[in-house]
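Hi there,

Here is the structure I promised to pass on. Have a look at it first, and then read my notes below.

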Amino acid sequence: MKVTYVGNRDLLHVEKTAFMASGKIMTDQVLQCYDWATQMRDSGACVVSGFSSRLEQDVLHFLLKGRQPIIIVLARCHYKRMPAQWQQALDSGRLLIISTTTSPRQSRATALERNRYVAQLCERLHFVGVTPESSLYPLQQEFKDKCE
């Protein structure tokens, strides 16, 4: 695995909570996730995720409005041009973007590799919508001692 970084690498040394959401979420879980994201933002806690599913992107939107640290782990190579909504957090030193692959596109394999990296990196894991059929289920079971 070739890991590369853009942003504040000092964030690797703070306590981190991972956010991982299944692609299929029950409607009632969505609002709970928004509340969780707001709570994490207001507490100043560092959140780590791939922020690739729709719900994960919504959580990132809430987090970017705060001042807490954020670590985005990509399952693809770094973007040639950083998304504009990330720039302020990058400039203020509260964002770290990690790429776990040189692949130009995310695939199922690179996403699984990225998720494992996130689970190993964080002290706590927050899974949402995971069922035995979910690709996140084996990871949740393997790291259940870190799950909230």
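Phe19 is buried in this predicted model: its relative accessibility is 0%, and the cut-off for that label is under 20%. Its ring belongs to one of the 3 aromatic pairs that turn up in a search of the whole structure. The partner is Trp36, and the two rings are stacked, with 5.0 Å from centre to centre and 25° between the planes. Since Phe19 sits in strand β2 and Trp36 in helix α1, the pair ties together parts that are 17 residues apart in sequence. Trp36 is buried too, because its relative accessible area of 8% falls under the 20% limit.

Helix α1 takes part in another aromatic pair, this time through Tyr34. Tyr34 and Phe62 are tilted, at 5.0 Å centre to centre and 40° between the planes. This pair also links distant parts of the chain, 28 residues apart, as Tyr34 is in helix α1 and Phe62 in helix α2 (residues 54–64). Is Phe62 buried or exposed? Neither label fits: with a relative accessible area of 22%, Phe62 is partly exposed, because that class covers values between 20% and 50%.

Now for the sheet. It is open and made of 6 strands, in the order β1-β5-β4-β3-β2-β6, with mixed pairing. The edges are held by β1 (4–7) and β6 (124–128); each has a single partner strand, so one side of each is left without a neighbour in the sheet. From one strand to the next, the twist averages 20°.

At the β1 edge, the partner is β5 (residues 95–99), and the two strands pair in the antiparallel sense over 4 bridges. Gly7, for instance, has Leu96 in β5 as its bridge partner. You may also like a charge-over-ring contact for your own analysis: Arg9 lies over the face of Tyr5, 3.9 Å from the ring centre.

Two helices are worth viewing against the sheet:

- Helix α1 (residues 27–43) lies across β2 (16–21), β3 (46–49) and β6, and runs at about 160° to β2.
- Helix α3 (residues 84–91) lies across β1, β4 (70–74) and β5, and runs at about 120° to β5.

The Phe19 and Trp36 pair fits into this picture, with Phe19 on strand β2 and Trp36 on helix α1, the helix that lies across β2.

Happy to talk it through whenever it suits you.

Best wishes

Definitions and conventions
Residues are numbered from 1 along each chain as its sequence is written. This is a predicted model: local features need pLDDT of at least 70, side-chain atom pairs count only at pLDDT 80 or more; totals for chains, interfaces and linings use all residues. Side-chain values use heavy atoms; hydrogens and water are left out. Two strands pair if DSSP finds at least two bridges between them. Axes are lines fitted to C-alpha atoms, for helices over the stretch in contact, and angles run from 0 to 180 degrees between N-to-C directions. Contact means heavy atoms within 4.5 Å. Rings of Phe, Tyr and Trp (its six-membered ring) pair if their centres lie within 6.5 Å; planes under 30 degrees apart count as stacked, over 60 as edge-to-face and the rest as tilted. Buried means under 20% relative accessible area, exposed over 50%, partly exposed in between (1.4 Å probe, protein chains only). A charge sits over a ring if NZ of Lys or CZ of Arg is within 6 Å of the ring centre and within 35 degrees of the ring normal.
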